[in-house]
Amino acid sequence: MKSEVFGANSSVVVVAHELKAPLSLMRQLALSLDFEESVDDAREVGRQIVATSERALQQVNDLTRIARLDDALFEMEPVNPRVVCDEVIAELWQLFRFNRREIEIDYRNKRRLAVANRQLLYSVVYNFCLNAMNYGGEELPSRISVYDRQNKIRIDVRDFGPTVPTKVWREIKDGFVKKPVDIAMRPGSSGLGLYIAAKFANYMNSDFGLVRHRDGTSFYIDLPISGQLSLV
Amino acid sequence: MIYILEDDRGWENYYRRILKGHEMEFFHDGVTAIAAMDERVPDLVILDVLLTGPTGFAVLNEMRSYPELAEVPVVVISSVSMKDEIAKEYGVARVFDKGELMPADVIAAAKEFDGKESA
């Protein structure tokens, strides 16, 4: 589907396209300010511009981090997954609102810490949520869950959108995510966010995967439990 | 009546604002839009190329295969470029790149094909 639109080559084109989308929208929103009749409406447009630009900046930062993965020191540390998820939700709630989407929280894990790099884990969860926002339906909210699974802590983000094709599911399951277009699984996205998530999960030696549901998809990351106790 | 096929809610909000005064219906995928066109033929279709499900090209193909939809004006507004010959082949009235579009372009197209003024 994507190759039909972008042509055969593509990682750079796909990434450029993905970054063009928020830039084009911000430009239009700024131009449309002339049409607003009230200060409140104009402020709302301003908030939407900020939320859209922050999303683009996050993607650019993530791409920079990918380029630095080989030589940068992203140290593993004890991290509270609930706190990371809370931070992501706080960052994204405006964008969800502008897209008329909701996300609910379901924390069921024991209060233990996970071993991860906080920055990279934030990006993984952020991209899972962004993916859910893009593909979730309007009827049911997406859901971010944290729960214990054997000797790991799982963070998963469930959406109720079109499910992922089997071919893509296999690629992710077998760890064959080599470039964004490989996981251009659901039209409307290059899969860049999930490519980023897969790269960071791999760097942290965590399991990254997805579960196909009849009515949507859950993307998850399984993190090792830290021996250090949480004081939170 | 304008049917707008756009799966990005940010863009949907934008169209709602600048096309106030026009009757609009939004669709996030081509399948639902084509089904709606069976019920009511729109005066204008604004079409993005990258949609959830079949692409805008598939929608154009489908539309042009039905006599009652074949003449419906379509304005393509997308981040993906569309070659002139393809636009001509599908009888696309206007093609705009999202990166270069001006609100006045959308308003003018709506006025021309939907026959109303934006509020």
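A residue is taken here as exposed if 12 or fewer other C-beta atoms lie within 10 Å of its own, and as buried if 20 or more do. In this predicted model, the distinction can be followed along helix α2 of chain B, where the face turned away from the buried side carries the exposed residues Ala35(B), Asp38(B) and Glu39(B). The buried residues of the helix are Gly30(B), Ala33(B) and Met37(B). These three cover an arc of only 60 degrees around the axis, which puts them on the same side of α2(B). The buried residues of α2(B) pack against the strands β1 and β2 of chain B, the latter formed by residues 24–27, and also against the helices α3 and α4 of that chain.

A comparable description can be given for helix α3 of chain B, which runs over residues 56–65 and in which Gly56(B), Val59(B), Leu60(B) and Met63(B) are buried. Seen down the axis of α3(B), these buried residues fall within an arc of 100 degrees, so they line one face of the helix. Among the elements that cover them are the strands β1 (2–5), β3 (44–47) and β4 (74–78) of chain B, together with the helices α2 (30–39) and α4 (67–70) of that chain.

The two helices belong to a chain that contains six helices and five strands, and whose elements, read along the sequence, follow the pattern β-α-β-α-β-α-α-β-α-β-α. The radius of gyration of chain B is 13 Å, close to the 14 Å that the globule rule gives for 119 residues, so chain B is as compact as a globular protein of that length. Along its principal axes, the C-alpha trace of chain B spans about 35 × 30 × 25 Å. Of the 119 residues in chain B, 40% are buried. When the contacts in chain B with a separation of 6 or more are considered, residues 24 or more positions apart account for 59% of them.

In chain A the secondary structure comes to seven helices and seven strands, arranged along the sequence in the pattern α-α-α-β-α-β-β-α-β-β-α-α-β-β. Buried residues make up 44% of the 232 residues in chain A, and among its contacts between residues at least 6 apart in sequence, 73% join residues at least 24 apart.

The contact between the two chains takes 22 residues from chain A and 21 residues from chain B. On the side of chain A that touches chain B, the elements giving two or more residues are α1 (2–6), α2 (11–32) and α3 (39–68) of chain A. The largest share of this side, nine residues, comes from α2(A). By class, the residues of the side of chain A that touches chain B divide into ten nonpolar, eight polar and four charged.

Within chain A, helix α4 (residues 81–98) and helix α5 (residues 118–135) form a helix pair whose axes come within 9 Å and cross at roughly 40 degrees. The crossing in which α4(A) passes α5(A) is right-handed. From α4(A), the residues that take part are Val84(A), Cys85(A), Glu87(A), Val88(A), Leu92(A), Leu95(A) and Phe96(A), and these meet Arg118(A), Leu121(A), Tyr122(A), Val125(A), Tyr126(A), Cys129(A) and Met133(A) in α5(A). The contact of α4(A) with α5(A) has twelve nonpolar residues, no polar residues and two charged residues.

Two residues of helix α5 of chain A may be described individually. Leu121(A), which has its place in this helix, is buried, with 26 other C-beta atoms within 10 Å. Leaving aside neighbours within four places in sequence, Leu121(A) is in contact with Val79(A), Val84(A) and Ala116(A). From Leu121(A) to Tyr135(A) the separation is 14 residues in sequence and 21 Å in space, C-alpha to C-alpha.

Asn131(A) is likewise found in helix α5 of chain A, and with 26 C-beta neighbours inside 10 Å, Asn131(A) counts as buried. Not counting residues up to four places away in sequence, Asn131(A) touches Gly193(A), Leu194(A) and Phe219(A). Of these partners, Phe219(A) is 88 residues from Asn131(A) in sequence, whereas the two are 9.2 Å apart in space, C-alpha to C-alpha.

How values were computed. Residues numbered from 1 in each chain as written. Chains lettered and ligands numbered in written order. Predicted model: local features only at pLDDT ≥ 70, side-chain atom pairs only at ≥ 80, totals over all residues. Helix = DSSP H or I, 4+ residues; strand = E, 2+ residues; numbered from the N terminus. Rg over C-alpha atoms; globule rule 2.2 N^0.38 Å. Contact = placed C-beta atoms within 7 Å. Nonpolar A, V, L, I, M, F, W, Y, C, P; charged D, E, K, R; others polar. Axes fitted to C-alpha atoms, helices over the stretch in contact; angles between N-to-C directions. Left-handed = near helix turned anticlockwise from the far one by under 90°. Arc of directions from axis to C-beta.
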